[in-house]
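User: Hi! I have a model open on my screen and would like to talk it through with you.

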Amino acid sequence: MIDVAWSNDRKRGKDGKLPPVGNTVDVTKATYANTIGSAELMGSWTDPEFDPAKPALYYVRVLEIPTPRWTTYDAVRNKLALLDDVPATVQERAWSSPIWYTP
């Protein structure tokens, strides 16, 4: 995995990984503020190991900001306790159609 573009002024850690974007979820109200991350990102990347004689596959993955899980919405709406064995938030992912290169 190669990070090409990311939101905010986050910097890679010593391990080379980016820190999480943050979390604005209020699990007591099952709400979140869409105030972090970016509505749009743009970047480009060139594969330094590309060999035109070999097949390749490329695709893009996107991480969205955390939002309340559906069980959190149900618990708040019905005035129930959150489930201990189920995370209260979820971070959705999206990905692009793959790009296949065949020599």
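User: Happy to have company on this one. What share of the 103 residues of the protein chain counts as buried?

Analyst: Glad to help, and please keep in mind that this is a predicted model. A residue counts as buried when its relative accessible area is under 20%. Of the 103 residues in the protein chain, the share that passes this cut-off is 14%.

User: What radius of gyration does the protein chain have?

Analyst: For a compact globule of 103 residues, a value near 13 Å would be expected. The C-alpha trace spans about 60 × 30 × 25 Å along its principal axes. The radius of gyration of the protein chain is 18 Å.

User: In what order do the elements of the protein chain run from the N terminus?

Analyst: Let's begin with the inventory: the protein chain has 1 helix and 6 strands. Reading from the N terminus, the order is β-β-β-α-β-β-β.

User: Is Ala30 buried or exposed?

Analyst: Ala30 sits in the segment before E1. Its phi is positive, at about 55 degrees, although Ala30 is not a glycine. Most residues other than glycine have a negative phi. With a relative accessibility of 7%, which is under the 20% cut-off, Ala30 counts as buried.

User: And what is the relative accessible area of Asn8?

Analyst: Asn8 is found in the segment before strand E1 (56-58). Asn8 also has a positive phi, near 65 degrees, and is a residue other than glycine. Partly exposed covers the range between the buried limit of 20% and the exposed limit of 50%. Asn8 is partly exposed, because its relative accessible area is 40%.

Note on methods
Residues numbered from 1 in each chain as written. Predicted model: local features only at pLDDT ≥ 70, side-chain atom pairs only at ≥ 80, totals over all residues. Heavy atoms only, no water. Helix = DSSP H or I, 4+ residues; strand = E, 2+ residues; numbered from the N terminus. Rg over C-alpha atoms; globule rule 2.2 N^0.38 Å. Buried < 20%, exposed > 50% of the residue type's maximum accessible area, 1.4 Å probe, protein only.
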